[in-house]
Number of protein chains: 2
Amino acid sequence: MSKAITQKSDDHSKWYTDVITKAQLADYGPVKGTMVIKPYGFAIWELVKDEFDKQFKATGHQNAYFPLFIPKSFLAKEADHVEGFAKECAIVTHSRLMSDEDNSIKVDPSSKLEEEIIVRPTSETVIWHMYKKWINSYRDLPILINQWANVVRWEMRTRLFLRTSEFLWQEGHTAHSTEAEAREETLKILDIYESVSKNHLAIPVLTGKKSESEKFAGAVDTYCIEAMMGDKRALQAGTSHYLGQNFAKAFDVKFQTDSNTEEYVYASSWGVSTRLIGAIIMVHGDDNGLRLPPSIAPTQVVVVPFFRNDEEINKIRQYINPYLKELESKGIRILFDDREKISPGFKFNEWELKGVPIRIEIGAKEIESNELTIFRRDINQKEKTPINTLTSYIQDMLDQIQQNLLKQADEFRKENTFIVESYEEFKKVINEGGFVRCGWDGTEITEKQIKDETKATIRCIPFDENPENKKCIFSEKDALHEAIFAKAY
Amino acid sequence: MSKAITQKSDDHSKWYTDVITKAQLADYGPVKGTMVIKPYGFAIWELVKDEFDKQFKATGHQNAYFPLFIPKSFLAKEADHVEGFAKECAIVTHSRLMSDEDNSIKVDPSSKLEEEIIVRPTSETVIWHMYKKWINSYRDLPILINQWANVVRWEMRTRLFLRTSEFLWQEGHTAHSTEAEAREETLKILDIYESVSKNHLAIPVLTGKKSESEKFAGAVDTYCIEAMMGDKRALQAGTSHYLGQNFAKAFDVKFQTDSNTEEYVYASSWGVSTRLIGAIIMVHGDDNGLRLPPSIAPTQVVVVPFFRNDEEINKIRQYINPYLKELESKGIRILFDDREKISPGFKFNEWELKGVPIRIEIGAKEIESNELTIFRRDINQKEKTPINTLTSYIQDMLDQIQQNLLKQADEFRKENTFIVESYEEFKKVINEGGFVRCGWDGTEITEKQIKDETKATIRCIPFDENPENKKCIFSEKDALHEAIFAKAY
């Protein structure tokens, strides 16, 4: 494995692809725009997924599974939904193959379906069809369901993890008897998204509301977490929607209230996806490859032994195994890389590329001195430590790395977020890279003109906005909102 | 919730559907043949899945994810595969919807795909396409990959969990440098399937090899685990295939050996699915509903309090909470059912339907006597136990229930498995229900005639077969094998 990856500052996009390829995270599949998540990439996803899953369950949510296939007619039921969202999709029209005269295979025309089937781009419609069967009375509410699933959106311009035709995600779909409860749920999930991003992915995120033009088609309000990537562009890392009664009305889902009246059900939906892997790469990666926060690193500590023969490797094993066992008993994920005929230097490069937070180097010298050589990936520095305090040393260092990656990302974002007063300044920041915080008159026309001129979009209207006495950066009218603008993935 | 479900002995098929409906395990989706797995059913699946996943990982396997979509041409590459297997499938032909003049939506004809896409019925083809890119040398082997995924097979006659158009499963796909290693892998996985079935699902299974006509299209040898359901029919509960070099040849996957020659790669593939939930229902269920083995019961112990007001429920909580906390600290999954306005009797029925292994009943009487009333679902009996030894009592009882369900299933299977000497006897057993073990001449024509006349198929050729001096039950020629025959799902 060659270490040579494109330098991040030279070509961010090529650097990103290089990291994914060389760290063996993912690959393109044979059908255009599809993605293969390789074992190392998938192991990261499993750790991310487990953390979200734990927090969803701790807040009373249950997992379930709804079908991949949706009748075409369902998509038309919520008018905004199909108009704004669900047009580019995979459509199933036939159900049988047959052998041709020349022994190739073709689609059997007699298997044409009466109604075409859509491969789910998201599951609101099929889920609200089921909720109609399940909900009669306030006693059936709330329903707090999540599913982990694959979804498909026909994408022309694809990029691994960020935009592919098929991707993996979780989608929560909840049903409530009051607006207040549904709104509370929407924001409770946004809190979970923010805290997992921050505390496990080490990614600081902005939270706020989407503008009308950026919200989910079918939602009343869309909230989001937005992160800054290493090239200073924004990535929408998760969304939580208050759906009001839109889907309940589209699918006629009413409930009997405790005062014996009938009302439409209130709803939320929310999701994060494998796109988060893209965010992890772009927030933490450096010129040597990935840097993984320990919390979601499949291997937290790799041990690379220096040895020339069986005797030497056995001596190293005997010496270090008790310490590794103790680390493992504390839940630390360790890999002992005893591959033969591969040089330590090659292994160093490989594990740096793969972003393993800590590397322990050990050979005859270390055994003699009872001191190990430790490489810390977040700062790319080596130090020595006595072996007899290894456990607490490693535990502390993992904590420090976790904190430091968050701190670095936070500082980077702060350095590259600008409060601007003029449209000239605005354009300069957007052009050179960064987030802009400024007044906005709240009109779609302003939003569109800014987008057309600069490619910047409103990433969110932050919860802590204060538009008072501010002017719109574009129209110079009184600001209705403060907004965060940036170029986005 | 009404307890009245169809009696198992009256109508096994209706009983099965009743259990699924009333225990809220699953539901049909809007597209014919699709399934919704409801939270309670999915919680069981998660526990089953976790156990398999743990054992796959402990034996060196890694999870990954491959695309849902397969180019049509791939299916034709392995000739047996498409002929015997992959014809009834979902075919994607278009990628865009459009609004009609009358505001309905239709498929945009201009979005017709150049090559049709198949929704994966299984992933051998797409995975071996990727393996061609990943495998060059013996150093790249073995590859031990598993994926948890949804797959689609167009089914006309569907039944929840047993046969639906879409289902969830795991599929392992391994690549090896020698036949011996690939064969060893195939049987290692069969061992895992057998042991999880037995030790966690409490389902005893027969293990053996499939006949040529029953094996997976594309395999050299198919091995299986076969279980007896409560109606004495067989269910194929998992399969492990030795694929030889068939897919490697179809996708031209060669590797450089350590002696610098080139050879095609050897392979295995293997899978278990949500069908196992069907097996759990049919092996353990009784006239009152589900009976769940503790190992895979989402709730292992339900506590049903007798109370009329806040004061009473608070007193019960205060009394029992320390004991419940201790149970939870031992990893026991407990639910305290304090729902108001629902009678204890109603709750009893509900949790019996849902198969919760142990119910604790507690009211003023129990507090006074310091003795709890315990209901044991596997034998439907109540007993009393002093509260101060609750933890060890519950732990022991969970173990006993786990063992007893396996024992009951094992005895039932033994009672209904017959070694027969004549075809008359054979037909009598098959007609009345049960497994037959007998000699078979090894020909497909005999197998087919038996199937046509009795609907019984060869479930497996057991590993412990001893065909010596045996005659074929049908042709009366010398037996080539002993085989297990039964009607199957």
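Helices and strands here are DSSP runs, numbered from the N terminus. With that numbering, Glu476(A) can be placed: it sits in the loop between β23 (457–462) and β24 (481–486) of chain A. The model is predicted.

Start with the backbone at that loop. Most residues other than glycine have a negative phi, and most peptide bonds are trans. Glu476(A) departs from the usual sign: its phi is near 65°, a positive value in a residue other than glycine. Is Glu476(A) buried or exposed? Count the neighbours. A residue is exposed if 12 or fewer other C-beta atoms lie within 10 Å of its own. Glu476(A) has 12 other C-beta atoms within 10 Å, so it is exposed.

Now move to chain B. Asn260(B) also has a positive phi, near 70°, and is a residue other than glycine. Which strands flank Asn260(B)? Its loop runs between β13 (254–256) and β14 (262–264) of chain B. Asn260(B) counts as exposed because it has 8 C-beta neighbours inside 10 Å.

Next, look at the peptide bonds. In chain A, the bond from Leu141(A) to Pro142(A) is cis. Its omega is near -5°. Pro142(A) belongs to the loop between α5 (124–134) and β8 (143–152) of chain A. Chain B has a cis bond from Leu141(B) to Pro142(B), with omega near -5°. There, Pro142(B) lies in the loop between α5 (124–134) and β8 (143–152) of chain B.

Step back to the domains of chain A. How is the chain divided? Domain 1 covers 12–284, domain 2 covers 299–400 and domain 3 covers 417–486. Taken over C-alpha atoms, the centres of domain 1 and domain 3 of chain A are 29 Å apart. These two domains touch. Domain 1 of chain A gives 16 residues to the contact, and domain 3 of chain A gives 14 residues.

Which strands build the domain 1 side of chain A that touches domain 3? Both β10 (206–209) and β11 (221–228) of chain A supply at least two residues each. The largest share of that side, four residues, comes from β10(A). What classes of residue make up this side of domain 1 of chain A? Eight residues are charged, four are polar and four are nonpolar.

Notes: Residues numbered from 1 in each chain as written. Chains lettered and ligands numbered in written order. Predicted model: local features only at pLDDT ≥ 70, side-chain atom pairs only at ≥ 80, totals over all residues. Buried ≥ 20, exposed ≤ 12 C-beta atoms within 10 Å, placed from the backbone. Domains from an automatic or database assignment. Contact = placed C-beta atoms within 7 Å. Nonpolar A, V, L, I, M, F, W, Y, C, P; charged D, E, K, R; others polar.
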